[in-house]
Amino acid sequence: MITVGMDLGTQRVKAVVLKDGQVVGRSQAFAGFDPTKATEQAVAEALTQANLKLSDVQHFAATGSAMDMAPYEHSTVSMMSADAKAGVSLIPTARTIIDVGAEEARAVRCDERGVMADFVVNERCAAGAGAFIEAMARALEVKLEDMGPLSLKAERASPINASCVIFGESDVVSLIHRQESKPEICRAVFDAMADRVSSMIHRLGVNPDVVLVGGVAKDVGFVASLNRKLGLTVKIPEYPDYVGALGAALIAAGRVKGGA
Amino acid sequence: MKETTVERKYLPEMQQKEMDELRNTVKVASEKIIADNIARMKKADPHRPDAMKYFDDIANLFGKRQQEIEAEKAKGKKVIGYMCLFAPTELITAADAIPVRVNSGWYDTSKLGDRVVPVEVCPVIRSTIGAKMIQLSPFLEQSDALISVLTCDGMTKLSEILSDQKTIWGMNVPRVKDSTHSLRFWSDEIKQMKTQIETFTGNKIDRKKLKESIEVSHRATKVFRRLQELRKGNPVIMGRDAMLVNQAYSWDDKVRWTENAEKLCNELEARAAKKDWVVSPDIPRVMVTGTPMFWPDNWKLPTLVEEGNPQGIIVADEQCSGERILNDPIGVDEWSMDDMLNAISERYLMASTCPCFTSKDGNEDRINWLITKIKDWNIQGVIYYVIRGCMLYAMEYSRVKKALDKINVPVYYLDTEYTREDVGQMKTRVEAFLEMLNARVDF
């Protein structure tokens, strides 16, 4: 059975091709102004990797904030259900799945089948999400990918306000004016983000194992701060940015079996 | 129109031209939203009861009801507006005046309110201020005086701000419910309000008139409860339709509302007998609790739930814009003036589940109400709805969540603003919640 999961995120679109429960292709593209076209590209690329054609696909399922713009005839599934399904399939002991993307952070509590039991979403503010790191990297004149490694060199933490990207940025500027070192400011950024995300998770209850997915899971600086904040080690699957798309592909497979 | 001309302490002076332009723009947009909401409600139910037509008309805030009140005013009747359910409307009708609720549901006017109060303030308050600034709200403009019950901080300061242009009667509501002197204090407020209304209208509220008013309320409560009972079983009415009927009571003539609600219930009973369900009985049954949702703009949550993919249906609410309006009857024993006034005091204070109250065990009345409703109405999930700045509801969430966790009923905290722009994000949340209730995802 061949299914495709499409995750139309705010910055990038991701596609996963699933053949009999195995991932045989994955690809992503910038969402840009035309997420539909970007998704078509990502799907085409992922199918090429798998040596498959569009006509081989039995079911497309879309998720992500722009799921209504997904190409091809498809069903939809919420990001939360997709995260729960894929999270437990990748790490069977997962009971809390945190997804930190570009513009949104959310967390899902689920059971051993990957069925969602509760969820929380950040309060419509990008301060707990990837865009915050981007904005701060700009203020610090540091490359986005260098933020994490740099933060690990910090010797101490300086607190900043992460209730809002804009105020956060002005806090960073005052740290610069106080001539704090870059590593310390980078760490302050990740600590502030982790603070936001962990208080969100505490509203849900911290049920191990805690799994971190989404693009920001690839940032070592954020992971270190979050682990410190939660007092545990979050598990991160390989390809954390594809988890939403994988969940959609798995749910698509279930829908083929279920005759949906 | 008689407006008290006093020095403006709060509201900014606005050029007549700007005011007229803004009012016109918002009014045109609002009429479109009203029409669109109703069109969507009609579409949701192909067999929508004929009796709904009457309530659709009342829901046109710039229509029939506005003209009717205007005509009554021309004959010398007074209109007394109110901003909170604690206002004893029976006293108003007994003085031959027209009670009408004036809370604003307009999103656009909340932005105008930002000129007077900071954006962190509750949008209902900001929107009501904005509506007053451009004289948009028919019922607010028609009100000769306003009863403002000082329940939350927003209401308290709102009444001060509106006093720039309106005669305001503040009612001081005690916050600790389970104390005998709270009730005595509130009874005094009610008695004082009676005198105030009598003086203002020039009409004496005698025993006979008050009894009549209370009896009108009794009949309304009876049919109101009948409507909510009809939502207990398999669905025969969309939640939005029922919510609109409930809310229309606050603008309508009470006797005529009751007659039409009875017609509606008769139709719904016939429908139930034919097993003509409005949606599949298998879809998730949802209750909404929290901040009031005022017609016409703030209709986005019920619309999202009932047009969602997957779809849900709202079968109950615990909101002062909904079922709290008429849920509780006024318990009179003797029908003496004193007894009636005490019964009114008790009904408005003790029966309320508003989070402005506390007691030895917090706002336990609300928890009990929610749990009873969940069990009896077979509710599968609760949406805890809060608009930003509504402190009391926001702060009571953690307790409600714990209580509902105990009975294993999922509750989702949904916060929003007076804006249309976040519908996409709300949709994601609402649909994920419905998906969860549904176990729609096949494994």
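Two exercises follow, on a predicted model.

**Exercise 1. The contact between the chains**

Find how many residues of chain B are in contact with chain A, and which element of chain B gives the largest share.

*Solution.*
1. Count residue pairs with C-beta atoms within 7 Å. On the chain B side, 15 residues are in contact with 21 residues of chain A.
2. Sort the chain B side by element. Helix H17 (residues 423-438) of chain B supplies the largest share, seven residues.
3. Sort that side of chain B by class. Six residues are nonpolar, six are charged and three are polar.

**Exercise 2. The surroundings of strand E5 of chain B**

Decide whether strand E5 (residues 285-290) of chain B is largely enclosed or open. Then work out which strands pair with E5(B).

*Solution.*
1. Call a residue buried if 20 or more other C-beta atoms lie within 10 Å of its own. Six of the six residues of E5(B) are buried, so the strand is largely enclosed by the rest of the structure.
2. Split the strand by face. In a regular strand the side chains alternate between the two faces of the sheet. Arg285(B), Met287(B) and Thr289(B) are buried on one side. Val286(B), Val288(B) and Gly290(B) are buried on the other. Both faces are therefore covered.
3. Take strand E6 (residues 313-318) of chain B. Five bridges join E6(B) to E5(B), and the two run parallel. Val286(B) lies opposite Ile314(B) of E6(B).
4. Trace the connection. From E5(B) the chain passes through helix H13 (residues 300-306) of chain B to E6(B), a right-handed β-α-β crossover.
5. Take strand E7 (residues 381-387) of chain B. E7(B) pairs with E5(B) in the parallel sense, over five bridges. Here Val288(B) has Ile383(B) as its bridge partner.

Note on methods:
Residues are numbered from 1 along each chain as its sequence is written. Chains are lettered from A and ligands numbered from 1 in the order in which they are written. This is a predicted model: local features need pLDDT of at least 70, side-chain atom pairs count only at pLDDT 80 or more; totals for chains, interfaces and linings use all residues. Two residues are in contact if their C-beta atoms, placed from the backbone, lie within 7 Å. Helices (H or I, at least four residues) and strands (E, at least two) are DSSP runs, numbered from the N terminus. Ala, Val, Leu, Ile, Met, Phe, Trp, Tyr, Cys and Pro count as nonpolar, Asp, Glu, Lys and Arg as charged, and the others, Gly among them, as polar. A residue is buried if 20 or more other C-beta atoms lie within 10 Å of its own, exposed if 12 or fewer, and partly exposed in between; C-beta atoms are placed from the backbone. Two strands pair if DSSP finds at least two bridges between them. A crossover is right-handed if, with the strands pointing away from the viewer, the path from the first strand over the helix to the second runs clockwise.
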